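I opened the model to look up how its strands pair, what fills its core and what lines one of its pockets. My entries follow in the order of looking.

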Amino acid sequence: ENARELTVDLCPPILYDLGLGPAIDWLAEKMEEAHGISVEFSDDGRPKPLSAEVRSVLYAGARELLMNIVKHAGARRVWIDLRSEDGAVVLAVEDDGVGFPRKLGAPGSGFGLANMRQRMRQLGGSLAIESNRAGGARVTLRAPTEPDQTEGVS
């Protein structure tokens with residue numbers, strides 16, 4: 001049962017059946033239930049034609065960011081925004097936590113973010129981090145859409 005639950009968490013069927021937006025919305029609800037933090041999700045509702053690989057990487061990125069917030073940020077509120085913008089899909093995750101206490105890239109500053117940045121580069125995308133030690137952080141993932149994809153769901 002634990003193995004099945006972990007498999008669904010890492011690669012939920014909803015991601016492939018309904019698309020990225022519904023999968024992240026499901027993830028937000030699950031994180032809210034499990035960890036007692038308020039997670040607000042918004043989607044611009046515009047088509048986001050993405051390859052299966054890009055959908056998977058963006059979903060994994062959202063999951064990693066939410067887990068980091070739960071483990072390290074001490075946040076009470078999280079906002080997730082998914083939108084289509086200039087031939088790209090943009091996923092922004094923002095929280096009201098403590099921000100990043102260390103300079104990013106310093107030893108011990110996190111393998112997960114470095115791995116995520118590398119994966120985004122491999123897709124032709126990017127990862128940007130804004131942090132305020134006085135409170136909160138925002139991580140933005142940007143990946144190119146694929147207009148020739150037949151799937152037009154987010």
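**Strand pairing, β2 and β3.** I began with Trp79 and looked up its bridge partner in β3, which is Glu94. This is a predicted model, so I read every position here as a computed one. For Val78 I found Asp95 as the bridge partner in β3. I then took the two strands as a whole: β2 and β3 (residues 88-95) are antiparallel and pair over eight bridges. They form a hairpin, and two residues lie between the strands. I checked the turn and noted that Asp86 has a positive phi of about 50°.

**Faces of β2.** Which residues of β2 are on the covered face, and which on the uncovered one? I listed Val78, Ile80, Leu82 and Ser84 as covered. Arg77, Trp79, Asp81, Arg83 and Glu85 make up the uncovered face of this strand, which spans residues 77-85. Trp79, the partner of Glu94, is thus entered under the uncovered face, while Val78, the partner of Asp95, is entered under the covered one.

**Other side of β2.** I looked up how β1 (residues 38-43) joins β2 and found six bridges, with the two strands parallel. Opposite Asp43 I found Leu82 of β2. I also recorded the hand of the β-α-β unit made by β1, α4 and β2, which is left-handed.

**β3 and β5.** How many residues of β3 are buried? I counted seven of its eight, and I put the strand down as mostly covered. β3 also pairs with β5 (residues 137-144), running antiparallel to it over eight bridges. Val93 has Val139 as its bridge partner in β5.

**Whole chain.** I stepped back to the order of elements. The protein chain has five helices and five strands, and along the sequence the pattern reads α-α-α-β-α-β-β-α-β-β. Of the 154 residues in the chain, 38% are buried.

**Core.** I looked up the largest nonpolar core and found 34 residues in it. Those with the most contacts inside the core are Leu20, Leu58, Val78, Ile80, Met120 and Leu141. At least two core residues come from each of α3 (20-35), α4, β2, β3, α5 and β5. α4 gives the largest share, nine residues. Val78 and Ile80, both in this list, are also on the covered face of β2.

**Second largest pocket.** I noted a volume of about 220 Å³ for the second largest pocket. It is lined by 11 residues, and those closest to its centre are Ala60, Gly61, Glu64, Asn115 and Arg119. I asked which elements supply at least two residues each to this lining. They are α4 (52-73) and α5 (111-122). The largest share of the lining again falls to α4, with six residues. By type, I sorted the lining into five nonpolar, three polar and three charged residues.

**Last note.** I marked α4 for its three entries: it belongs to the left-handed unit with β1 and β2, gives nine residues to the core and gives six to the pocket lining.

Note on methods
Residues numbered from 1 in each chain as written. Predicted model: local features only at pLDDT ≥ 70, side-chain atom pairs only at ≥ 80, totals over all residues. Heavy atoms only, no water. 1 Å grid on protein atoms, 1.4 Å probe; cavity = no way out; pocket = protein on both sides within 12 Å on 5 of 7 lines; lining within 4 Å. Points joined across faces, edges and corners; volume = space filled by probe spheres on them. Helix = DSSP H or I, 4+ residues; strand = E, 2+ residues; numbered from the N terminus. Nonpolar A, V, L, I, M, F, W, Y, C, P; charged D, E, K, R; others polar. Buried < 20%, exposed > 50% of the residue type's maximum accessible area, 1.4 Å probe, protein only. Pairing = 2+ DSSP bridges. Right-handed = clockwise from strand over helix to strand, strands pointing away. Core = buried A, V, L, I, M, F, W, Y, C linked by side-chain atoms within 4.5 Å.
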